[in-house]
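Hi everyone, thanks for having me. Please put the structure up on your screens, and let's walk through it together.

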Amino acid sequence: MTARDEVLARIRQANAAAGVTSPAGPAGGAPAYRAQGERDLAGRLDLLTDRLTDYRATVRRCTPAGLAAEVAAALADRGARRVVVPPGLDPALLAAADAEVTADGQPEILGPAVLDAMDAVVTGAAVAIAETGTIVLDASPAQGRRAISLVPDCHLCIVYADQVTELVPEAVAQLAATAGRPLTWISGPSATSDIELERVEGVHGPRTLVVILVAPEV
């Protein structure tokens, strides 16, 4: 018996003693992981909101018609006057913002010093996972290079309702078509507790994560 088998056996014994049953996999083997969620759209959005809030992210919700105004309000709340965006983000989304907007790669790729001087970055997303509170970027034109979402101190990410899955396997299936791209998985603001178990934010990426959930009904 391997160490893994021994650990799993002890877990099964403890579950049995507590009256907890787990769904069996093929031929009564190891428990099967859920591949399909059970929540409706409203349930997925509420769960994602709860998870993101637990991670100390700020969540704002709006309808498609109110998105530009919501982006402007979110940037204003953060005092963001210098904003970088990926080259494929719809300029209309920043039309109401009182900020100087710079598109990365138009015409030149922005260097680290320029990105560090930006107050915020606004991007889209590839998919969001409600159960884990995770947002995935796949470097498509509306999300841009990984650097632009890691260097500025505030990341404002726009997530549409139809991009929200309940479970990780559902998200992975959606990402299959772009599996060759670099993926960035984000669960809340950048944070670490490596030093004396004290939480420090903004070490490996943005100190602040603001997520705008866009749905037909808020």
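**A short tour of the chain**

Before we start, please keep in mind that this is a predicted model. The protein chain has six helices and 12 strands. Of its 218 residues, 39% count as buried. The accessible surface comes to about 11900 Å², and 54% of that belongs to carbon and sulfur atoms. Now think about contacts between residues at least 6 apart in sequence: 70% of them join residues at least 24 apart.

Let's begin with strand E4, residues 120-123. Which way do its residues point? Ala120 and Val122 point one way, whereas Val121 and Thr123 point the other way. Here is the general idea to remember: in a regular strand, side chains alternate between the two faces of the sheet. In E4, the residues on both sides are buried.

E4 has neighbours, too. Strand E2, residues 82-85, pairs with E4 in the parallel sense over two bridges, and Val84 stands opposite Val121 there. E4 is also joined to strand E7, residues 154-160, by three bridges, and these two run parallel. In that pairing, Thr123 of E4 sits opposite Cys157 in E7.

Next, please turn to another sheet, an open one of four strands in the order E8-E5-E6-E9, with mixed pairing. Which strands stand at the edges of it? They are E8 and E9, the latter covering 184-186; each has a single partner strand, so one side of each is left without a neighbour in the sheet. Further in, strand E5, residues 127-129, runs antiparallel to E6, and three bridges join them. One example to look for is Val127, whose bridge partner in E6 is Val136.

Let's stay with the edge strand E8 for a moment, where we find Thr165. Is Thr165 buried or exposed? With a relative accessible area of 4%, Thr165 is buried, because the cut-off for buried is under 20%. Leaving aside residues up to four places away in sequence, Thr165 touches Arg44, Val127, Ala128, Ile129, Ala130, Glu170, Ala171 and Gln174. Notice Val127 in that list; we met Val127 a moment ago as the bridge partner of Val136. Thr165 and Gln36 are 129 residues apart along the chain, yet their C-alpha atoms are separated by 9.1 Å.

Now for Gln143, which lies in the loop between strand E6 (134-137) and helix H5 (146-150). What is its relative accessible area? For Gln143 the value is 4%, so this residue counts as buried. Its side chain reaches the backbone nitrogen of Asp138 at 2.5 Å. The side chain of Gln143 also makes a polar contact with the side chain of Ser140, at 2.8 Å. Not counting residues up to four places away in sequence, the residues that Gln143 touches include Pro86, Thr123, Val136 and Ile148. You already know Thr123 from strand E4 and Val136 from the E5 and E6 pairing.

Finally, let's visit the surface. Val168, Val172 and Trp185 make a nonpolar surface patch of about 250 Å². Within that patch, Val172 belongs to helix H6, residues 168-175. How exposed is Val172? Its relative accessibility is 44%, so Val172 counts as partly exposed.

That brings me to the end. Thanks for listening, and feel free to turn the model around and find these places yourselves.

Terms used. Residues numbered from 1 in each chain as written. Predicted model: local features only at pLDDT ≥ 70, side-chain atom pairs only at ≥ 80, totals over all residues. Heavy atoms only, no water. Buried < 20%, exposed > 50% of the residue type's maximum accessible area, 1.4 Å probe, protein only. Polar contact = N/O pair within 3.5 Å; in protein donor to acceptor, adjacent residues only side chain to side chain. Contact = heavy atoms within 4.5 Å. Patch = residues over 30% accessible without salt bridge, like charges linked within 9 Å, V, L, I, M, F, W, Y side chains within 5 Å. Areas by Shrake-Rupley, 256 points an atom, 1.4 Å probe, with all protein chains shown as cover. Salt bridge = Lys/Arg side-chain N within 4 Å of Asp/Glu carboxyl O. Pairing = 2+ DSSP bridges.
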